[in-house]
Amino acid sequence: MRKYIIGVDGGNTKTDYFLFDNECNFIDFHRAGTCSHEGLPDSFEGSYRVMKEEFTKLFERNNITVNDISAAVFGLAGVDTPYQKKRLEEVVSRLGFANYKVVNDSFLGIKAGSTNGSGVCSINGTGTSAGGIDEDGTYIQVGGIGGIVGDEAGGSWLSRRAITETYNYYYRFGKKTLLSEYVFSYLEIDDPYYLMEAISDVLPRKRKELGILGIKVFKCARKGDEVSLDLLKEMANNLARSAGGCVKSLNFQDGVDVILAGSVWVKGDHPILIETFKEKINEYTKKKCNIIVLTVPPATGAIIWAKELVDGKFPDKSIRELICEKVQAQLEKIESRGK
């Protein structure tokens, strides 16, 4: 009887559901809204409700049931604490899955980008977190719940700091910065006299557009702006401390794959960010860290991991490349339709 594997990449805005068979033939793909308990009014019950609905669609159109699934891996936003993990594992069990993993979505990058299925993934997108899996299969997450645990990175943080450093220049003995021009434009002012008022009144209204300022930090850094360069170095150091914390807390030999994933890592266009990160993580961990920028979708990691659960070993390179090719093709199709 034909058996199948499931990979789920669930973020705070969308969720991708991939269905392959056990031989890694692509079967189906479905994109839906968030299944995150943090983004739904009925919390964990909402996660069950949404995923139940989406799996019912996926299974019915492929004439299968949950009993035909050999393994499933769920990489989900909001799996940041043992309590959250336990509750979401209960959700997946209620859905009928027997052989599964429920992890923070940061772990998917390790399976998608590493050479042997172990390593560390540093997420630097809108927000930030780090996850690590060692060769014994033990895994740990560092950060992911906000600044109180040192999550001082990500596009949102960088954008906010652009405003902070502009304010510092005018009123708190900060350094002059090219960022001021872009901050003034974003806040719709032309005089620092109105800066605090704009932060209070304009910023809440335009918060969804805040990411543009993070892009401007890279632009100003390319022009040699000292403040922007310092921000990228600070971000890199914060990321290295979190990713390095994963390395220190797990059992790695020398030569650790460190996967960089998320829009700021992938699209950031100044070398000082990765250069500083590499320098700092090697300094902190005293190990040789192999830096790998993830060029395939994180959802790839969910399918690769599900295949690993079925076979009891990490898939070889040819199988991983096949999975990556199939996942990439499906995501390019749906994203091209959305343009």
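**Exercise 1. Cysteines**

Task: In this predicted model, decide whether Cys24 counts as buried or exposed. Then find how many disulfides there are.

Solution.
- Step 1. Take the relative accessibility of Cys24: 2%. Buried means under 20%. Cys24 therefore counts as buried.
- Step 2. Look for a partner. The closest cysteine sulfur to that of Cys24 belongs to Cys324, 11 Å away. A disulfide needs two cysteine sulfur atoms within 2.5 Å. The sulfur of Cys324 is therefore too far for a bond with Cys24.
- Step 3. Turn to Cys35. Its nearest cysteine sulfur is that of Cys121, at 18 Å, and Cys35 is in no disulfide. Cys35 also counts as buried, with 3% relative accessibility.
- Step 4. Give the total. The count of disulfides is zero.

**Exercise 2. A lysine and its surroundings**

Task: Locate Lys111. State whether Lys111 is buried or exposed. Then find which side chain it joins in a polar contact.

Solution.
- Step 1. Place the residue. Lys111 sits in helix α3, which spans residues 108-113.
- Step 2. Check accessibility. The relative accessible area of Lys111 is 4%. The cut-off for buried is under 20%, so Lys111 is buried.
- Step 3. Find the side-chain partner. The side chains of Lys111 and Glu308 make a polar contact of 2.9 Å.
- Step 4. Add the backbone. The Lys111 side chain also reaches the backbone oxygen of Gly117, at 3.0 Å.
- Step 5. List the surroundings. Neighbours within four places in sequence are left aside. Lys111 is then in contact with Gly117, Ile133, Gly301, Ile304, Trp305, Glu308 and Phe314. Glu308 and Gly117 thus appear in this list, Glu308 with its side-chain polar contact and Gly117 with its backbone oxygen.

**Exercise 3. An open sheet**

Task: Give the order of the five strands in the open sheet. Which strands stand at the edges? Which strands does helix α10 touch?

Solution.
- Step 1. Write the order: β8-β7-β6-β9-β10, with mixed pairing.
- Step 2. Read off the edges. β8 (139-142) and β10 (289-293) each have a single partner strand, so one side of each lacks a neighbour in the sheet.
- Step 3. Add the twist. From one strand to the next, the twist averages 20 degrees.
- Step 4. Examine one pair. β6 (residues 119-124) and β7 (residues 128-133) run antiparallel and are joined by six bridges. Val120 stands opposite Gly132 in β7.
- Step 5. Add the helix. α10 (residues 272-285) packs on the sheet and touches β6, β9 (256-261) and β10. The directions of α10 and β10 make an angle of about 150 degrees.

Notes
Residues are numbered from 1 along each chain as its sequence is written. This is a predicted model: local features need pLDDT of at least 70, side-chain atom pairs count only at pLDDT 80 or more; totals for chains, interfaces and linings use all residues. Side-chain values use heavy atoms; hydrogens and water are left out. Helices (H or I, at least four residues) and strands (E, at least two) are DSSP runs, numbered from the N terminus. Buried means under 20% relative accessible area, exposed over 50%, partly exposed in between (1.4 Å probe, protein chains only). A polar contact is a pair of N or O atoms within 3.5 Å; within protein, one must be able to donate a hydrogen and the other to accept it, and residues adjacent in sequence count only if both atoms are side-chain atoms. Contact means heavy atoms within 4.5 Å. Two strands pair if DSSP finds at least two bridges between them. Axes are lines fitted to C-alpha atoms, for helices over the stretch in contact, and angles run from 0 to 180 degrees between N-to-C directions.
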